[in-house]
Structure formats: C-alpha cells, structure tokens
Amino acid sequence: MNYIVDTNILLEYPDFIKEPKRIVLTYSVVRELDSKKNVPGGLGFNSRIVSRYLDDCRKAGNIAEGVDTESGGWIIVVMDDESVHTDDSLVALGKSMTEQNLPCTLLSNDVNVRIKAACNGVATD
C-alpha cells in the first residue's frame, strides 16, 4: 500500500515518516514543510524533524525515484503542479495512482481533502 501523506499529518505525527511504509510525498508538501520550519513551538520543531529525515533519505539515494528507508519502508518525493493548491495536488496524485491500479491511501487530517478525495475515488484515512 502506498500512503500519500498530507503536510498536516507530518506536522502532527513527525515520526510517521519513519514507519516501515511506502510513503509518497509531493514537492508541494516539502514546500509547506519548509514554510513552517521557523514557526515557534512544536509546529516548527516537527517540520524540522521531518525535513532532516527527508534530507537523510536524499543522501541515501535518489529521493525523486524512491529510497528504501532504514525501517524497511520506502519514500519518494514526486513533482507536482506548483500552480495547483497542495490539497488538490494530493487528490490528483491519488486519482492518478488509483487509475493506474497502484494501491494508495491519502492520509490527511483535513476533512475537506478527504471529501475531495472521496469524490475522486481515492481511498482516505
């Protein structure tokens, strides 16, 4: 199962990225993480934790093609259309993967993202 992960999941549960799962992130999610790194408190701290982990993955291989993680998982950062809102980009990625018969679940704490995903036939959690 591939997990397309929204920024809000990573900011609330930064250790999720270290779990032994197939994690798919978009460039827009990385951009949102970057925008939160200087926010005081837990939000900024969690953003930096995730960013450092992604940088370690980058050092281990080509993160744009997918990298095996130490926990037995796999992570990839895919390019998306920067002119499209991150939420819609995540839904579009999920729809594309579903249409290609690639099993995926979009993980988001945002109820509206989950509604949009459902309207596009994308599994959510």
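## Helix α4 and its surroundings

In this predicted model, the residues of α4 that are buried are T86, D87, S89, L90, V91, L93, G94 and M97. These buried positions pack against elements from several parts of the chain, namely the strands β1, β2, β4 (74-78) and β5 (104-107) together with the helices α2 and α5. The length of α4 agrees with expectation, because 14 residues at 1.5 Å a residue should span 20 Å and the end C-alpha atoms of α4 are 20 Å apart.

Just after α4 comes N101, whose phi is positive at about 60 degrees. N101 belongs to the loop between α4 and β5, and the positive phi occurs here in a residue other than glycine. With a relative accessibility of 67%, N101 counts as exposed.

## The crossing of α4 and α5

The axes of α4 and helix α5 (residues 111-119) come within 9 Å of one another and cross at roughly 35 degrees, and the crossing in which α4 passes α5 is right-handed. On the α4 side the residues that meet α5 are D87, D88 and V91, and their counterparts in α5 are V113, K116 and A117. Sorted by class, this contact of α4 with α5 comprises 3 nonpolar and 3 charged residues, with no polar ones.

Two of the α4 residues in this contact, D87 and V91, also appear among the buried residues of α4.

## D6 between β1 and α1

D6 is placed in the loop between β1 and α1, and its relative accessibility of 2% is under the 20% cut-off, so D6 counts as buried. Setting aside residues up to four places away in sequence, D6 touches D87, L90, L107, S108, D110 and V113. Of these partners, D87 and L90 are listed among the buried residues of α4, while V113 is one of the α5 residues that α4 meets.

The relation of D6 to α4 can also be followed through L93, which lies 87 residues from D6 in sequence but 12 Å from D6 in space, C-alpha to C-alpha. L93 is itself one of the buried residues of α4.

## The buried side of α2

In helix α2 (residues 27-36), the buried residues are S28, V29 and L33. They cover an arc of only 145 degrees around the axis, which puts them on the same side of α2. As a general point, an α-helix has 3.6 residues a turn, so residues three or four places apart point the same way.

The buried residues of α2 pack against β1 (2-5), α1 (7-12), β2 (22-26), α3 (42-60) and α4 (86-99). The packing with α4 appears from the other helix as well, since α2 is included among the elements against which the buried residues of α4 pack.

## Helix α3

Helix α3 has 19 residues and reaches 27 Å from its first C-alpha to its last, close to the 27 Å expected at 1.5 Å a residue. Its buried residues are G44, N46, S47, I49, V50, Y53, L54 and C57, and what covers these buried residues of α3 includes α1, β2, α2, β3 and β4.

## Loop residues K18, S71 and D81

K18 lies in the loop between α1 and β2 and counts as partly exposed at 37% relative accessibility. Not counting residues up to four places away in sequence, K18 touches Y53 and S71. Y53 is one of the buried residues of α3; K18 and Y53 are 35 residues apart in sequence, yet their C-alpha atoms are 8.0 Å apart in space.

S71, the other partner of K18, is found in the loop between β3 (67-68) and β4, and with a relative accessible area of 33% S71 is partly exposed. Leaving aside neighbours within four places in sequence, S71 is in contact with K18, E19 and P20. S71 and I17 are 54 residues apart in sequence and 9.9 Å apart in space, C-alpha to C-alpha.

D81 occupies the loop between β4 and α4, where it is partly exposed with a relative accessible area of 43%. D81 and T26 are 55 residues apart in sequence, and the distance between their C-alpha atoms in space is 9.5 Å.

Terms used. Residues are numbered from 1 along each chain as its sequence is written. This is a predicted model: local features need pLDDT of at least 70, side-chain atom pairs count only at pLDDT 80 or more; totals for chains, interfaces and linings use all residues. Side-chain values use heavy atoms; hydrogens and water are left out. Buried means under 20% relative accessible area, exposed over 50%, partly exposed in between (1.4 Å probe, protein chains only). Helices (H or I, at least four residues) and strands (E, at least two) are DSSP runs, numbered from the N terminus. The arc is that of the directions from the helix axis to the C-beta atoms. Contact means heavy atoms within 4.5 Å. Axes are lines fitted to C-alpha atoms, for helices over the stretch in contact, and angles run from 0 to 180 degrees between N-to-C directions. A crossing is left-handed if the near helix is turned anticlockwise from the far one by less than a right angle, and right-handed if clockwise. Ala, Val, Leu, Ile, Met, Phe, Trp, Tyr, Cys and Pro count as nonpolar, Asp, Glu, Lys and Arg as charged, and the others, Gly among them, as polar. The expected span of a helix is 1.5 Å times one less than its number of residues.
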